[in-house]
Amino acid sequence: MLKKKYVSEGKVCRVTFVLPSQIEATSAYLVGDFNNWSKDATPMKQLKDGTWKVELSLEAGHEYQYRYLVNGTEWHNDWEADKYAAHPYGGENSVVVT
């Protein structure tokens, strides 16, 4: 799930990425264009309700591809993403439009 808030006169979009509690996870990372697809650069924090959350400030007016890396080996899309884009490995990435 995505939540967006524009700041700095609309030049920056604060995006909250939320991984639902239905996905059983002991660790979760947000991986995408914004962190050069680093598997450990953007850890998510688990909340008391079991969801995982992280907030990023992204430049407005762009599209960013991303996925969630769960338990170090499982890739998950955000089914409430703004849209999806094919990736070279035969699947799709989630896309957030700022």
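This passage looks at strand β5, its neighbours and the salt bridges of a predicted model.

A good place to begin is strand β5, which spans residues 52-59. In a regular strand the side chains alternate between the two faces of the sheet. The two faces of β5 can be told apart by their cover: Trp52, Val54, Leu56 and Leu58 make up the covered face, while Lys53, Glu55, Ser57 and Glu59 make up the uncovered one.

Strand β5 pairs with β2 (residues 12-19) in an antiparallel manner, through eight bridges. Within this pairing, Leu19 has Trp52 as its bridge partner. Strand β4 (residues 45-46) also runs antiparallel to β5, and two bridges join them; here Gln46 is the residue opposite Trp52. Together, β4 and β5 form a hairpin with five residues between them, and Gly50 in the turn has a positive phi of about 95°.

The loop between β4 and β5 also holds Thr51. This residue is buried, at a relative accessible area of 13%, and its side chain makes a polar contact of 2.6 Å with the side chain of Asp49. Leaving aside residues up to four places away in sequence, Thr51 touches Val18, Leu19, Pro20, Ser21, Lys45 and Gln46.

Turning to the interior, the largest nonpolar core comprises 20 residues, and Phe17, Leu19, Leu30, Met44, Tyr66, Tyr68 and Val96 have the most contacts inside it. Strands β2, β3 (28-32), β5 and β6 (63-70) each contribute at least two residues to this core. Met44 gives a helpful view of the surroundings: beyond residues up to four places away in sequence, its contacts include Phe17, Leu19, Leu30, Trp52, Val54 and Tyr68.

Three salt bridges are found in the structure. In one of them, Lys4 and Asp82 bring their closest N and O atoms to 2.6 Å. Lys4 belongs to strand β1 (residues 2-7) and Asp82 to the loop between β7 (74-76) and β8 (83-86), so this pair ties together parts that are 78 residues apart in sequence. Lys4 is partly exposed at 34% relative accessibility, and Asp82 is partly exposed at 36%.

Another salt bridge returns to β5, where the side chains of Arg14 and Glu55 meet at 4.0 Å, N to O. This pair links strand β2, home of Arg14, with strand β5, home of Glu55, across 41 residues. Arg14 is partly exposed, with a relative accessible area of 38%, as is Glu55, with 44%.

A further salt bridge joins the side chains of Lys83 and Glu63 at 2.8 Å, N to O. Lys83 in strand β8 and Glu63 in strand β6 are 20 residues apart.

Methods
Residues numbered from 1 in each chain as written. Predicted model: local features only at pLDDT ≥ 70, side-chain atom pairs only at ≥ 80, totals over all residues. Heavy atoms only, no water. Buried < 20%, exposed > 50% of the residue type's maximum accessible area, 1.4 Å probe, protein only. Helix = DSSP H or I, 4+ residues; strand = E, 2+ residues; numbered from the N terminus. Pairing = 2+ DSSP bridges. Core = buried A, V, L, I, M, F, W, Y, C linked by side-chain atoms within 4.5 Å. Contact = heavy atoms within 4.5 Å. Polar contact = N/O pair within 3.5 Å; in protein donor to acceptor, adjacent residues only side chain to side chain.
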